[in-house]
Amino acid sequence: MVRTVNRRDVVILSIAFVLGLVLGMYLVTPHLMTQTQGVVKLGEKKTSKSNALVLGFIDVEVRDRYGKLLLKRTYSMHSPVENFAKLLLLIFDPRGGDLSTSVVDLGGTSKKIGYSDDSYSYEDTWCCVRSDRWFIAFGNGTATFSRSAYKLANELVEIVISTPTVSVTESNITLVFSASYSPSSDVNITEVGLILQFDPYDADNNNYAKALMFYDVLPEPVSVPAGGSITVTYRIVFP
């Protein structure tokens, strides 16, 4: 029997997925974007509200074992991969009843995730998804970005993300979430990703799987000393 979650989790997930849809649509040509003091440009011309792009950034901070700031950088995101796009289809599918789709887990195996119109429940619910199961993964592998990526080239660790924040001003809406990693030995971080842990759309409860949703190869290796820390913050800005 398919397990259900409460309406609060559904709302949280729906908001996150819709935001991701917009991001995925507008970040397909990241090479066109440059940032100068918060102004988005296409080529050399400033954009207007009618053609402004949604911006995705990765803020990276590195500190030594004493908390001293060693490095602070901001990179453009490429991020959403095919797994994420498949989830978005479920959000906008107008059909009722039970819906599911397949994503590729970290081991390369196809797993189903979906939606149930449970006749024994008072509400339609997302099945087998936990809103508190998001992780940022840190890796030191050598790879190039691909929409079909399903894992980091060489993952070192997964850290649960901080509680996301959303700020709203007349200029923009900004979604922010982050995670910090403290290695026991010197390491160069070259890749990061956002991973969803979920209970597949099947009869077994708590049979969790993990799937890569965002993937980014950093433009340069980021050196983190033993006992120090690296904080990666995803920052999605809607002008």
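Visitor: Where does Thr190 sit in this structure?

Guide: In this predicted model, Thr190 is part of strand β13, which covers residues 187–198.

Visitor: Is Thr190 buried or exposed?

Guide: Look at the relative accessibility: Thr190 comes out at 15% and counts as buried, because buried means under 20%.

Visitor: Which residues does Thr190 touch, leaving out those up to four places away in sequence?

Guide: Its partners are Gly139, Asn140 and Gly141, along with Asp216, Val217, Leu218 and Pro221.

Visitor: Let's turn to charged residues. Why can side chains of opposite charge pair?

Guide: The general idea is that they can pair when their charged atoms come close. For a salt bridge, the cut-off is a Lys or Arg side-chain nitrogen within 4 Å of an Asp or Glu carboxyl oxygen. Here the rule gives seven salt bridges.

Visitor: What is the N to O distance between Arg235 and Asp59?

Guide: It is 2.8 Å, and the two side chains form a salt bridge. This pair links distant parts of the chain, with Arg235 in strand β15 (residues 229–238) and Asp59 in strand β4 (residues 55–63), 176 residues apart. Arg235 is partly exposed at 21% relative accessible area, whereas Asp59 is buried at 18%.

Visitor: How do I read the salt bridge of Lys72 with Glu61, and what does the pair tie together?

Guide: Start with the closest N and O atoms, which are 3.8 Å apart. Then check the elements: Lys72 lies in strand β5 (residues 69–76) and Glu61 in strand β4, so the salt bridge ties together parts eleven residues apart in sequence. For accessibility, Lys72 is exposed, with a relative accessible area of 57%, while Glu61 is partly exposed at 26%.

Visitor: What about a pair within a helix, such as Glu82 and Lys86 in helix α2?

Guide: Their side chains meet in a salt bridge with an N to O distance of 3.9 Å. Helix α2 spans residues 82–92, and because Glu82 and Lys86 are four residues apart in it, about one helical turn separates them. Both side chains belong to partly exposed residues: Glu82 has a relative accessible area of 41% and Lys86 has 23%.

Visitor: Which residues are joined into one network by salt bridges that share partners?

Guide: Glu61, Arg63 and Lys72 are joined in this way. You have already met Glu61 and Lys72 as a salt-bridged pair.

Methods
Residues are numbered from 1 along each chain as its sequence is written. This is a predicted model: local features need pLDDT of at least 70, side-chain atom pairs count only at pLDDT 80 or more; totals for chains, interfaces and linings use all residues. Side-chain values use heavy atoms; hydrogens and water are left out. Helices (H or I, at least four residues) and strands (E, at least two) are DSSP runs, numbered from the N terminus. Buried means under 20% relative accessible area, exposed over 50%, partly exposed in between (1.4 Å probe, protein chains only). Contact means heavy atoms within 4.5 Å.
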